[in-house]
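User: I am new to this structure. Please pick one helix, look at it closely, and then show me what surrounds it.

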Amino acid sequence: MPPIISVSNLSKTYKTGFTALKNINLEIRKGEIFALLGPNGAGKTTLIGTICGLVMPSAGTVTIGGHDNVRDFRAARQLVGLVPQELHTDAWETPLATAAFSRGLFGKPKNSALVEKILKDLSLWDKRKSQIITLSGGMKRRVMIAKALAHEPQILFLDEPTAGVDVELRKSMWQVVRELRDSGVTIILTTHYIEEAEEMADRVGVINKGEIVLVEDKATLMHKLGRKQLKLSLPERIDTVPAGLAAYGLELSEDGQELTYTYDAKSERTGITTLLNDLRTAGITFNDLNTTQSSLEEIFVNLVHQ
Ligand SMILES: Nc1ncnc2c1ncn2[C@@H]1O[C@H](COP(=O)(O)OP(=O)(O)O)[C@@H](O)[C@H]1O
Ligand SMILES: [Mg+2]
């Protein structure tokens, strides 16, 4: 199946001269939840805005459902619902009116049954006639989702849907997003929470300083993330790993002077203590020892520390 969104060589330099996106290439698969993970200022909102056609690219192209998002803006935009990072709804309006009006903006005929279904799915039906200003933060966020869904988009962008919301609300948002995906909507969400990407995504893309540094299936990513390596420098080279140490799956470097042990940093027992004992029993000494994290983990650590 061709990707539902295809981003090619996309760059964005703002009028200030600041380059917020550098040669982005990315494909979104139909029906997936794709999490775009990156620290504040990485370019997440710029990328979403450029894909949705709200920010003009400096170079590169985006197609949505096969439509070029600049030359064929209207057709591309019809397929997309966007829930922006900053919530801006008309405070005095009601959820019902907001969702219904949004259909009109996209030239769609009235469909009160559909609007009712969307509001019910988002647990807003009871509040459909309340002024938005009287609703809680979580409800306001859901009104924005209802508004974005009202014109029946195939693709929904959620820009930091849970930034600054409490744990309870975050979980209920996750549930809403999963149900949307199950109903066939392709979801692209941005987040700076690793746990959110871990919890929600089918695939994760990491963006940092305007560059996509990694795109990976979530399962593969989480596997790599949990792994650490212990490297032992040997004063005397050995030809093979002694049979008594086979269970550790040690790797011996080509020069025979370094042993690498890979372990799961998240598990309770890393096996390091018994390994060191068994090394001594096998008569292997070492003069230096250090641990390294996979490059992925380094990326994440860097992200978190910024
Ligand atoms: N309209 C703009 N003009 C100039 N610089 C901008 C503009 N919008 C965003 N930026 C800059 O581009 C970078 C990426 O911003 P943004 O896409 O909002 O990142 P994120 O959503 O990942 O936090 C930031 O350094 C930001 O200051
Ligand atoms: Mg942002």
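Analyst: The answer below starts with one helix, follows its surroundings into the core, and then visits other sites.

This is a predicted model, in which local features need pLDDT of at least 70, side-chain atom pairs count only at pLDDT 80 or more, and totals for chains, interfaces and linings use all residues. Residues are numbered from 1 along each chain as its sequence is written, chains are lettered from A and ligands numbered from 1 in the order in which they are written, and side-chain values use heavy atoms, without hydrogens or water.

The helix is H6, residues 167-182. Helices (H or I, at least four residues) and strands (E, at least two) are DSSP runs, numbered from the N terminus. H6 has 16 residues. From its first C-alpha to its last, H6 reaches 23 Å, close to the 22 Å expected at 1.5 Å a residue. The expected span is 1.5 Å times one less than the number of residues.

Which residues of H6 are buried? They are Leu169, Arg170, Met173, Trp174, Val176, Val177 and Leu180. Buried means under 20% relative accessible area, exposed over 50%, and partly exposed in between (1.4 Å probe, protein chains only). Seen down the axis of H6, the buried residues fall within an arc of 160°, so they line one face of the helix. The arc is taken from the directions between the helix axis and the C-beta atoms. An α-helix has 3.6 residues a turn, so residues three or four places apart point the same way. On the other side of H6, Val167, Glu168, Lys171 and Asp182 are exposed.

What covers the buried residues of H6? The cover includes strands S3 (33-37), S7 (155-159) and S8 (186-191), along with helices H5 (137-149) and H7 (194-200). Just after H6, glycine 184 takes a positive phi of about 105°.

Now the core. A nonpolar core is a set of buried Ala, Val, Leu, Ile, Met, Phe, Trp, Tyr and Cys residues joined through side-chain atoms within 4.5 Å. The largest one here has 38 residues. Val177, a buried residue of H6, is among those with the most contacts inside this core. The others are Ile145, Leu156, Leu158, Ile187 and Leu189. The largest share of this core, 6 residues, comes from H5. In soluble globular proteins, nonpolar side chains tend to be buried together.

Take isoleucine 145. Leaving aside neighbours within four places in sequence, isoleucine 145 is in contact (heavy atoms within 4.5 Å) with Val83, Leu122, Leu156, Leu158, Met173 and Leu180. Met173 and Leu180 also appear among the buried residues of H6. Apart from this core lies another, of 25 residues, including Ile5, Ile24, Ile48 and Val80.

Strand S8, part of the cover over H6, holds threonine 186. Threonine 186 is buried, with a relative accessible area of 0%. A polar atom of its side chain lies 2.7 Å from the backbone nitrogen of glycine 31. Not counting residues up to four places away in sequence, threonine 186 touches Ile4, Ile28, Arg29, Lys30, Gly31, Glu32, Gln154, Ile155 and Leu156.

For another helix, look at H1 (residues 44-51). H1 is mostly covered, with 7 of its 8 residues buried. These are Lys44, Thr46, Leu47, Ile48, Gly49, Thr50 and Ile51. Threonine 50 has a relative accessible area of 0%. Beyond four places in sequence, threonine 50 is in contact with Leu10, Leu21, Val55, Pro57, Val62 and Asn69. Just after H1, glycine 53 takes a positive phi of about 85°.

Ligand 1 comes next. Residues with a heavy atom within 4 Å count as near a molecule. Those surrounding ligand 1 include Tyr14, Pro39, Ala42, Gly43, Lys44, Thr45 and Thr46. A backbone N or O atom of glycine 43 lies 2.9 Å from an oxygen atom of ligand 1. For alanine 42, a backbone N or O atom lies 3.2 Å from an oxygen atom of the ligand. A polar side-chain atom of tyrosine 14 lies 3.4 Å from a nitrogen atom of the ligand.

Two loop residues finish the tour. Serine 123 has a positive phi of about 55° although it is not a glycine. Serine 123 sits in the loop between helix H4 (112-121) and H5, and counts as exposed at 51% relative accessibility. Lysine 209, also not a glycine, has a positive phi of about 50°. Its loop runs between strands S9 (203-208) and S10 (211-217). At 56% relative accessibility, lysine 209 counts as exposed.

Note on methods:
A polar contact is a pair of N or O atoms within 3.5 Å; within protein, one must be able to donate a hydrogen and the other to accept it, and residues adjacent in sequence count only if both atoms are side-chain atoms.
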